[in-house]
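Okay, thanks everyone for squeezing in. I'll put the model up and then just talk through it for a few minutes.

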Amino acid sequence: MSGITLFLSGAAGLRSWTRPLLLLLTFSSWLPASAKPGSLKEVTDGDWEKIMTGEWMIEFYAPWCPACQQLQPVWKEFADWGDDMGINVAKVDVTEQPGLSGRFIITSLPTIYHCKDGVFRKYHGARTKEDFLSFVHEQKWKNTEPVSSWFGPSSFLMNSMSALFKLSMFIRRCHNYMTEQLGIPVWGSYVIFGLVTLFAGLTLGLLLVFIADYVFPSRRFSSHDYYQKKQSMEQSRLIQNQDEDQEADGEEDDEEEEDDQDGAWRRQRESPEGQGYPDEALRKRVVASREDDEEEDS
């Protein structure tokens, strides 16, 4: 009898623990589902490449944006369904991730992108949880034209835009630091940035000139025969100038000789001995006498 008594008392105690447990489970089933830990992911400049695999819905927002603040509760509810639908729901704070803002060319807030295995499409539908679920579950994203590969986040152009946005944010932070922490006037900060830009441009230009001269050297100066050819050309030019000078001197001598012959002929004609002789005979006589003089000199 003692064994039966212990069994009955144990069963009564189990029933006393079972009833509160059943009531707790029933009551918890009536409560709304709470947010799952880690259901809403964050994407940064350092790990953005993870969105290139799988299916993603990504919201670009800013904390100061009223429309973004209004969308946040809906976006969190939509993220709770992400694991059930096999999709990753994420958000990007453009104030903290300027590189992603430039990489995706964010011009308005909030902006939502759908990504499927590296193919991006911009979401243009209504911003309710039901519309987000329908867009993914019914694959309405197939009716949206994907972003061109030229403007994809992994393209060279968008990598350049990302670097430019990062640089602009760095300059802005430096400006704020100099004006707020160091007490430098605003115009002083502008002067500093102007001088740095000028110096950087000159340095980069000089570096590019050196690289271009090294990679594509001038054929004229790189040839071993260049200086020899240049010297021979100068010598030929000098010889040509000397020949031209000699020809000019010869022409002057001929002209002087003709002038001398003409003068001698005129003097012979005007002399008493030349009277009565024809001009041709006097000319021949003058030439003959000049040739005799030259032979005697020689």
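I'll start with the sheet, then go to the salt bridges, the odd backbone spots and a patch on the surface.

One thing up front: this is a predicted model. Keep that in mind for everything I say.

So, the sheet. There are five strands, in the order β1-β3-β2-β4-β5, and they make an open sheet with mixed pairing. At the edges we have β1, residues 40–42, and β5, residues 119–122; each has a single partner strand, so one side of each is left without a neighbour in the sheet. From one strand to the next, the twist averages 30°.

Let's walk across it. β2, residues 55–61, runs parallel to β3, residues 88–93, and that pairing covers six bridges. If you want a spot to click on, Tyr61 has Asp93 in β3 as its bridge partner. Then there's helix α2, residues 66–80, which packs on the sheet and touches β1, β2, β3 and β4; its direction makes about 160° with that of β2. Helix α5, residues 129–137, lies across β2 and β4, at about 145° to β2.

Now move over to β4. Its pairing with β2 is antiparallel, again over six bridges, and there you'll find Met57 opposite His114. Is β4 enclosed by the rest of the structure or not? Largely enclosed, because five of its six residues are buried.

On to β5, which pairs with β4 in the antiparallel sense over four bridges. The two strands form a hairpin with two residues between them, and in that turn Asp117 has a positive phi of about 55°.

Let me stop at Phe120 for a second, which is in strand β5. Cys115 stands opposite Phe120. Is Phe120 buried or exposed? Buried: the relative accessible area is 2%, and the cut-off for buried is under 20%. Who's in contact with Phe120, leaving aside neighbours within four places in sequence? The list includes Ile51, Met52, Phe104, Tyr113, Pro146, Val147 and Pro153. Take Ile51: it's 69 residues from Phe120 in sequence, but C-alpha to C-alpha the two are 9.9 Å apart.

Okay, salt bridges. In general, side chains of opposite charge can pair when their charged atoms come close. How many salt bridges does the structure hold? Three.

Lys116 pairs with Glu55, and the closest N and O atoms are 3.8 Å apart. Lys116 sits in strand β4 and Glu55 in strand β2, so this pair ties together parts that are 61 residues apart in sequence. As for exposure, Lys116 is partly exposed at 31% relative accessibility, whereas Glu55 comes out buried at 13%.

Next, Asp47 with Lys50, where the closest N and O atoms are 3.2 Å apart. Both ends are partly exposed: Asp47 has a relative accessible area of 28%, and Lys50 has 32%.

And then Lys140 with Glu138, 3.8 Å from N to O. Lys140 is partly exposed too, at 37%.

Right, backbone oddities. As background, most residues other than glycine have a negative phi, and most peptide bonds are trans. So where does this model break from that?

Look at the loop between α4, residues 98–103, and β4, where Pro110 lies. The peptide bond joining Leu109 and Pro110 is cis, with omega at about -10°. Ile105 lies in that loop between α4 and β4 as well. Ile105 isn't a glycine, yet phi is positive there, about 50°. Its relative accessible area is 36%, which puts Ile105 in the partly exposed class.

Gln139 is another one: not a glycine, with a positive phi of about 55°. You'll find Gln139 in the loop between α5 and α6, the latter being residues 156–181. Gln139 is partly exposed, at 37% relative accessible area.

Last stop, the surface. Which residues form the nonpolar patch? They're Leu204, Leu207, Leu208, Ile211, Tyr214, Val215 and Phe216, and together they have about 800 Å² of accessible area. Leu204 is found in helix α7, residues 186–215, and is partly exposed with a relative accessible area of 49%.

That's my tour. Happy to pull any of it back up on screen.

Technical notes. Residues are numbered from 1 along each chain as its sequence is written. This is a predicted model: local features need pLDDT of at least 70, side-chain atom pairs count only at pLDDT 80 or more; totals for chains, interfaces and linings use all residues. Side-chain values use heavy atoms; hydrogens and water are left out. Patches are made of residues with over 30% relative accessible area and no salt bridge: like charges are joined within 9 Å, nonpolar side chains (Val, Leu, Ile, Met, Phe, Trp, Tyr) within 5 Å. Accessible areas come from the Shrake-Rupley method with a 1.4 Å probe; for residues, only the protein chains shown count as cover. A salt bridge is a side-chain nitrogen of Lys or Arg within 4 Å of a carboxyl oxygen of Asp or Glu. Buried means under 20% relative accessible area, exposed over 50%, partly exposed in between (1.4 Å probe, protein chains only). Two strands pair if DSSP finds at least two bridges between them. Axes are lines fitted to C-alpha atoms, for helices over the stretch in contact, and angles run from 0 to 180 degrees between N-to-C directions. Contact means heavy atoms within 4.5 Å.
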